[in-house]
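Reader: I'd like to go through this model label by label and hear what backs up each one. Can we start once it's on screen?

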Amino acid sequence: MDMFGISPRREFGQNFLINDAIPKRIADAAVGEFSGGACALEIGPGIGALTRELAARCRRVLAVEIDSALIPVLEYTLCGLDAVEVVNRDILDCDIDKLARDAFGGSEFHVCANLPYYITTPIIMRLLEHGGELLRSVTVMVQSEVADRLTASPATPEYGAISASVAYHGRAKKLFSVSAGNFLPAPKVNSAVVKIDLYRKDDRPVCAADDAMLGRVVAGAFGQRRKTLSNSLASAFPEIGRDRIASVISSLGLDPRVRGEALGIETFAALADAISAELSADAPHG
Ligand code: SAM
C-alpha cells in the first residue's frame, strides 16, 4: 500500500488480511468443492488477498469495491488473473441479481467476503432478500458476535431478526475463528467465518406466502425487544389494530405474552400468513 501512497480507511471498514493462510481457508470454504467451475462475487476485495484465492479456484470472479483509491492497487495485485473483473461500486447500490446475471451469464454463483464491519447486517439482509435464485451460498468473515447472531437458535440471547431471516433462507454454520492479529490494522474484536448454504425457493423447509410480509413480521417482532409479541406487532401493523393482532396470535395457539425472541421461523411464517389474510379481508373487493 505504501507503494501507492494509501493507508487503510476506517470509514470503509478496511481491515486487510495479512496472513495468507486465512484467505485460502475462506476461499476453500466458499468454493473449494466446485474445483474450478464456480462463479464468485466478492464484496470489498481491498488489496486483493481473498480475490487471488478465489481466482485460483473459480471460473469467474466479480469483485465490487467502493473505494476508488484501491482500484489501481487491485489492477496491480490482480494483474494477469483473467478470471477476475473489478468494479468500483457501492454494493448497497447494486442490483445484485442483475449484476451477477450479467457477469456470470446466468450461472449460479457464490458470495465470498471479508465484510466491512460497519455494514455487515445490511449487506447480509440484501443478499438474503435480493440475491436472486442463482445465489447458492454466502461465506463471510464477520465479527465473532455477529457470527453468533447469524447462527443463533430461538430463545438464546444472540437470537434476533437476522438469525430468523438467515434460518428462513438457508442453513448457517460457523466455520472457524480468526484472531485480530491477522488483519492490518488489527480490529478491536475477533472475527469468525460463517457459511450460509441457501435453499432453493422450492426446497425451503418453511415457506411464507409472501416473503416481504414475513420480513415485516420478523422486523416488527424484534423491533422492540422488551415488548410482548402482541405489543410489538400492534406497533408494526397499526392498520390492523391491537385487538385483531391479539386474536391472530391466539388463533395460532400462542401465549399472548410471548416475545419474538422465543419464536422459530415456522411460527413467524404462520404469523405472516395470518396477518396477510387479515389485511386481504380489509382490502376492497372489485
Ligand atoms: N477483502 C479484503 C481482505 O480480506 O483483506 C478487504 C476486506 S475489508 C474488511 C472490507 C472491504 O470492503 C474494503 O476494501 C472496503 O473498502 C470495502 N467496502 C466497504 N464498504 C463497501 C461497500 N459499500 N461496497 C463495496 N465495498 C465496500
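Reader: Why is Asp-148 called partly exposed?
Author: Asp-148 has a relative accessible area of 30%. Partly exposed covers the range between the 20% limit for buried and the 50% limit for exposed, so Asp-148 with its 30% gets that label. Bear in mind that this is a predicted model.

Reader: What makes Lys-174 and Asp-148 a salt bridge?
Author: Their closest N and O atoms are 2.9 Å apart. The cut-off is 4 Å between a Lys or Arg side-chain nitrogen and an Asp or Glu carboxyl oxygen, so the pair qualifies. Lys-174 sits in strand β7 and Asp-148 in helix α6, so the bridge ties together parts that are 26 residues apart in sequence. Lys-174 counts as partly exposed too, at 33% relative accessibility.

Reader: How do you know that Arg-57 and Asp-28 form a salt bridge?
Author: Same test: their side chains meet at 2.8 Å, N to O, and the limit is 4 Å, so they pass. This pair links distant parts of the chain, with Arg-57 in helix α2 (residues 49–57) and Asp-28 in helix α1 (residues 21–31), 29 residues apart.

Reader: Which of the two labels, buried or partly exposed, goes to Arg-57, and which to Asp-28?
Author: Arg-57 is buried, since its relative accessible area is 17% and the label needs under 20%. Asp-28 is partly exposed at 42%. Both residues also belong to a network of salt bridges that links Lys-24, Asp-28, Glu-53 and Arg-57.

Reader: What makes Asp-97 and Arg-101 a pair within one helix?
Author: Both lie in helix α4 (residues 96–104), four residues apart, which is about one turn of the helix. In general, an α-helix has 3.6 residues a turn, so residues three or four places apart point the same way. The side chains of Asp-97 and Arg-101 meet at 3.1 Å, N to O, so they satisfy the 4 Å rule. Arg-101 is partly exposed, with a relative accessible area of 38%.

Reader: How many salt bridges does the structure hold, and how many are there between domain 1 and domain 2?
Author: The structure holds 15, while the count between domain 1 and domain 2 is zero.

Reader: What makes domain 1 and domain 2 neighbours, then?
Author: The domain assignment gives domain 1 as 2–198 and domain 2 as 211–282. Their C-alpha centres lie 33 Å apart, but ten residues of domain 1 are in contact with twelve residues of domain 2. Together the domains bury about 830 Å², 66% of it on carbon and sulfur atoms. Tyr-159, Ala-161 and Tyr-168 supply 55% of the area that domain 1 buries against domain 2, more than any other three residues. Three residue pairs are in polar contact across the interface. By class, the side of domain 1 that touches domain 2 has eight nonpolar, two polar and no charged residues.

Reader: Why is helix α7 called mostly covered?
Author: Seven of its nine residues are buried, in a helix that runs over residues 161–169. The buried ones are Ile-162, Ser-163, Ala-164, Ser-165, Val-166, Tyr-168 and His-169. Their cover includes α5, α6, β7, β9, α8 and α11.

Reader: How do you know that Ser-165 is buried?
Author: Its relative accessible area is 11%, and buried means under 20%, so Ser-165 earns the label. Leaving aside neighbours within four places in sequence, Ser-165 is in contact with Met-125, Leu-128 and Val-218. Ser-165 and Met-125 are 40 residues apart in sequence and 7.8 Å apart in space, C-alpha to C-alpha.

Reader: What makes Thr-139 buried?
Author: Thr-139 has a relative accessible area of 0%, and the limit is 20%, so buried is the right word. Thr-139 lies in strand β6 (residues 135–143). Among the residues that Thr-139 touches are Ile-26, Ala-29, Val-111, Cys-112, Val-193 and Lys-195.

Reader: Which residues of helix α9 are buried, and what covers them?
Author: In α9 (residues 229–236), Leu-229, Ser-230, Ser-232, Leu-233 and Ala-234 are buried. Their cover includes α8, α10 (242–251) and α11.

Notes
Residues numbered from 1 in each chain as written. Predicted model: local features only at pLDDT ≥ 70, side-chain atom pairs only at ≥ 80, totals over all residues. Heavy atoms only, no water. Domains from an automatic or database assignment. Contact = heavy atoms within 4.5 Å. Buried area = accessible area lost by both parts, 1.4 Å probe. Polar contact = N/O pair within 3.5 Å; in protein donor to acceptor, adjacent residues only side chain to side chain. Nonpolar A, V, L, I, M, F, W, Y, C, P; charged D, E, K, R; others polar. Buried < 20%, exposed > 50% of the residue type's maximum accessible area, 1.4 Å probe, protein only. Helix = DSSP H or I, 4+ residues; strand = E, 2+ residues; numbered from the N terminus.
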